[in-house]
Amino acid sequence: MDGTVTLQNAHLRMRVDPQGGTLLDLFSLRHQHAVLRTGKGQAVGDCALFPMLPVANRVAGNRFTLQGDEVVLPKHCADERFFLHGDGWLKRWDLVAVAGDKCVLRLRSRLACGYDYLAELHYQLDDTTLKASLAITHLGERPMLYGCGFHPFFVFDAQNTVQFSASGYWPEDEQHLPLAWQEKIPGPANFAYAQFGEDAWLNVGYSGWSGKAVIQRDVMKITLLAQTPWLMLFRMSGGEFLCLEPQSHPVNAHHMAGQPGLQVLAQGESCHFAMQIIVD
């Protein structure tokens, strides 16, 4: 047995894999169509959705300063330069509760750089909605800086459009780190009106996101909701997927003034993040 569990209600079906705390698929029974891409879980990131913690995306130099001390992040197998998306999506979680339409997973992680945490991940099918929530409690004696998010892979091809509003965006450099923020968003990256965009590489972060994005495919409407002003978008030519990643902080917030969206947690303190995917 591979350890995966299938959860279902009258509208949706999903498979949960404790490896990485991932979803391997999300399928609409009403539309008989995949909402998220199907993964096999045989390689890093080969999934439909994964949690990002205790950082989302990349940190310049793979290090940051906290209360006057330099924190050097580890590297891992998913990226040669960065502690990409943290370690939660690479480790095996404990499946601590399962019901017909929901489950709870937990992860205990200790890293030499100072991250020492207990994470709890909830997935639930509630009517036509997937609800995903994450809670992280810091257990180390010294405070640490936390951020998180979710990384879903929506099925997306020329039959789809996506729409969301934002106040500006960060284009990326050659290391996939953000360049200077721009208020004017170029056409292929501007989804203020519903469009497919371009079948090309796009890996950018948005600020001033309304917290809502809508993907339309024929009669199937998918709505992403999250209470954060920061959204990451990733697509690649021929990929037939679109990643819309709600994050608690912008990419490389560790090096921005005020470290927006990040939280310093003392021992016993927690942070929380939630996302919903509604399928109509």
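Trainee: Which side chain does aspartate 25 meet in a salt bridge?
Mentor: Aspartate 25 pairs with the side chain of arginine 15, at 2.8 Å from N to O. A salt bridge here is a side-chain nitrogen of Lys or Arg within 4 Å of a carboxyl oxygen of Asp or Glu. This is a predicted model, where local features need pLDDT of at least 70 and side-chain atom pairs count only at pLDDT 80 or more, while totals for chains, interfaces and linings use all residues. Residues are numbered from 1 along each chain as its sequence is written, and side-chain values use heavy atoms, with hydrogens and water left out.

Trainee: Where do those two sit in the chain?
Mentor: Arginine 15 is in strand β2 (residues 12–17) and aspartate 25 in strand β3 (residues 22–28), ten residues apart. Strands are DSSP runs of E with at least two residues, helices are runs of H or I with at least four, and both are numbered from the N terminus.

Trainee: And is aspartate 25 buried or exposed?
Mentor: Aspartate 25 is buried, at 13% relative accessibility. The cut-offs are under 20% relative accessible area for buried, over 50% for exposed and partly exposed in between, with a 1.4 Å probe and protein chains only. Arginine 15 is partly exposed at 24%.

Trainee: How many salt bridges does the structure hold?
Mentor: There are nine. One of them joins lysine 91 to aspartate 87, with 2.8 Å from N to O. Aspartate 87 is buried at 4%, whereas lysine 91 is partly exposed at 26%.

Trainee: What about arginine 217, which residue does that one bridge to?
Mentor: Its partner is aspartate 157, and the closest N and O atoms are 2.8 Å apart. Arginine 217 belongs to strand β17 (residues 212–217) and aspartate 157 to the loop between β13 (149–155) and β14 (160–163), so the bridge ties together parts 60 residues apart in sequence. Arginine 217 is buried at 11%, and aspartate 157 is buried at 19%.

Trainee: Switching topic, how many helices and strands are there?
Mentor: Zero helices and 22 strands. The chain is as compact as a globular protein of its length, because its radius of gyration is 18 Å, close to the 19 Å that the globule rule gives for 280 residues. That radius is taken over C-alpha atoms, and the rule is 2.2 Å times the number of residues to the power 0.38.

Trainee: What share of the residues is buried?
Mentor: Of the 280 residues, 53% count as buried.
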